[in-house]
Amino acid sequence: MSRAMALLRRDLARLLMGGRGGGALLPVLFFLSVAMLYPFAVGPDAPLLARTGGGVIWVAALLAAILPLDRLVEPDIELGMFDQWALRGISEELVIAVRVIAHWLSFGPPLMLAALPAAALLGLDGATLRTVEIGLLAGTPGLAALGVTVAALTAGLRGGAALSGLLVIPMAVPVLIFGAGSLGTGGASGLALTAAASLVLIAIAPFAGGAAVRAARG
């Protein structure tokens with residue numbers, strides 16, 4: 001447990017502060033930028049904004065989650081950190097599991113807070129905003145798990161950062177569909193399916209990501 005907490009503190013410090021990647025602030029700014037620009041694109045049609053705004057928030061959340069993918073795994077492989085952790089008896093699966101938690105903490109809760117002003121910009125009512133927030137709480141952990149897994153799979157490849165984004169988008173479509181669908185006719189069943197898809201991704205991530213890291217190290 002102490003090793004996992006030490007890894008979590010390290011990962012959070014890296015992801016929140018960010019360095020060249022901009023930290024947790026960049027995904028939030030990107031998210032809010034999409035919310036601000038969308039009304040200019042569709043015009044001052046308040047019913048249309050209210051009807052489509054929740055889906056826009058989900059798309060913006062997915063794209064914001066992609067931004068830090070190049071910082072999730074590859075730098076540690078290049079620095080030999082996974083080799084050092086292996087010598088200390090820390091498995092790749094544990095590192096990846098902790099990395100998923102850190103990645104979610106660095107962008108999930110900030111995006112849920114940023115959804116409040118975004119909802120005001122898009123004219124969402126209280127009930128819709130509540131559904132969006134519950135959906136983000138259920139779905140963003142799955143997006144974090146998917147992002148870390150894909151980052152591990154593409155680590156060391158030429159153009160890995162761009163490839164990661166291209167892979168994450170189609171693979172995240174089920175979470176996006178269920179999350180956005182909960183705003184329409186899906187309701188509670190849409191939220192349940194969002195949570196189920198997220199749990200599957202979280203369960204797979206440590207094993208798939210750990211195997212990918214071992215392959216990249218070898």
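This section describes the fold, the nonpolar core and selected helix positions of a predicted model.

The secondary structure of the chain consists of ten helices and zero strands. Read from the N terminus, the order of elements is accordingly α-α-α-α-α-α-α-α-α-α. The C-alpha trace extends over about 60 × 35 × 30 Å along its principal axes. For a chain of 218 residues, a radius of gyration near 17 Å would be expected of a compact globule, and the value of 18 Å found for the chain agrees with this. Of the 218 residues, 48% are buried. Contacts within the chain are mostly of long sequence range: where the partners lie at least 6 residues apart in sequence, 80% of contacts join residues at least 24 apart.

The surface was examined next. The area exposed by the chain amounts to about 10100 Å², of which 73% is supplied by carbon and sulfur atoms. The chain carries 13 positive and 11 negative charges, and the mean positions of these two sets are 5 Å apart.

The largest nonpolar core contains 61 residues, and the members that touch the most others are Phe31, Ile57, Val73 and Leu136. At least two residues of this core come from each of helix 1 (2–17), helix 2 (25–42), helix 3 (46–66), helix 5 (81–87), helix 6 (92–122), helix 7 (126–154) and helix 10 (187–217). The greatest contribution is that of helix 6, which gives 14 residues to the core. The surroundings of Ile57 illustrate how the core is assembled. When residues up to four places away in sequence are not counted, Ile57 touches Phe31, Ala118, Ala119, Leu122, Leu124, Val132 and Leu136. Two of these partners, Phe31 and Leu136, are themselves among the core residues that touch the most other members.

Individual positions in helices 2 and 6 were then considered, beginning with two prolines. Pro39 lies in helix 2. With a relative accessible area of 18%, Pro39 is classed as buried, because the cut-off for burial is under 20%. Beyond the neighbours within four places in sequence, Pro39 makes contact with Leu49, Leu121 and Leu122. Leu122 is also one of the residues touched by Ile57. Between Pro39 and Gly53, which are 14 residues apart along the chain, the C-alpha separation is 9.1 Å. The second proline, Pro110, is placed in helix 6. A relative accessible area of 21% makes Pro110 partly exposed. Its contacts, leaving aside neighbours within four places in sequence, are with Val28 and Leu105. Pro110 and Leu25 stand 85 residues apart in sequence, yet their C-alpha atoms are 8.5 Å apart in space.

Three further positions, Gly190, Ser198 and Ala212, belong to helix 10. Gly190 has a relative accessibility of 6% and therefore counts as buried. Neighbours within four places in sequence aside, Gly190 is in contact with Phe178 and Ser182. Gly190 and Asp76, separated by 114 residues in sequence, are 37 Å apart from C-alpha to C-alpha.

Ser198 is likewise buried, its relative accessible area being 3%. With neighbours within four places in sequence left aside, Ser198 contacts Ala138, Gly139, Pro141 and Gly142. These partners of Ser198 fall within the range of helix 7 (126–154). At Ala212, the relative accessibility of 9% again corresponds to a buried residue. Ala152 and Leu153 are in contact with Ala212 when neighbours within four places in sequence are left aside. The C-alpha atoms of Ala212 and Ala151 are separated by 9.3 Å, although the two residues are 61 apart along the chain. Contacts from helix 10 to the 126–154 range of helix 7 are thus described at Ser198 and at Ala212.

Methods
Residues numbered from 1 in each chain as written. Predicted model: local features only at pLDDT ≥ 70, side-chain atom pairs only at ≥ 80, totals over all residues. Heavy atoms only, no water. Helix = DSSP H or I, 4+ residues; strand = E, 2+ residues; numbered from the N terminus. Rg over C-alpha atoms; globule rule 2.2 N^0.38 Å. Buried < 20%, exposed > 50% of the residue type's maximum accessible area, 1.4 Å probe, protein only. Contact = heavy atoms within 4.5 Å. Areas by Shrake-Rupley, 256 points an atom, 1.4 Å probe, with all protein chains shown as cover. Lys, Arg positive; Asp, Glu negative; His and termini not counted. Charge placed at Lys NZ, Arg CZ, Asp CG, Glu CD. Core = buried A, V, L, I, M, F, W, Y, C linked by side-chain atoms within 4.5 Å.
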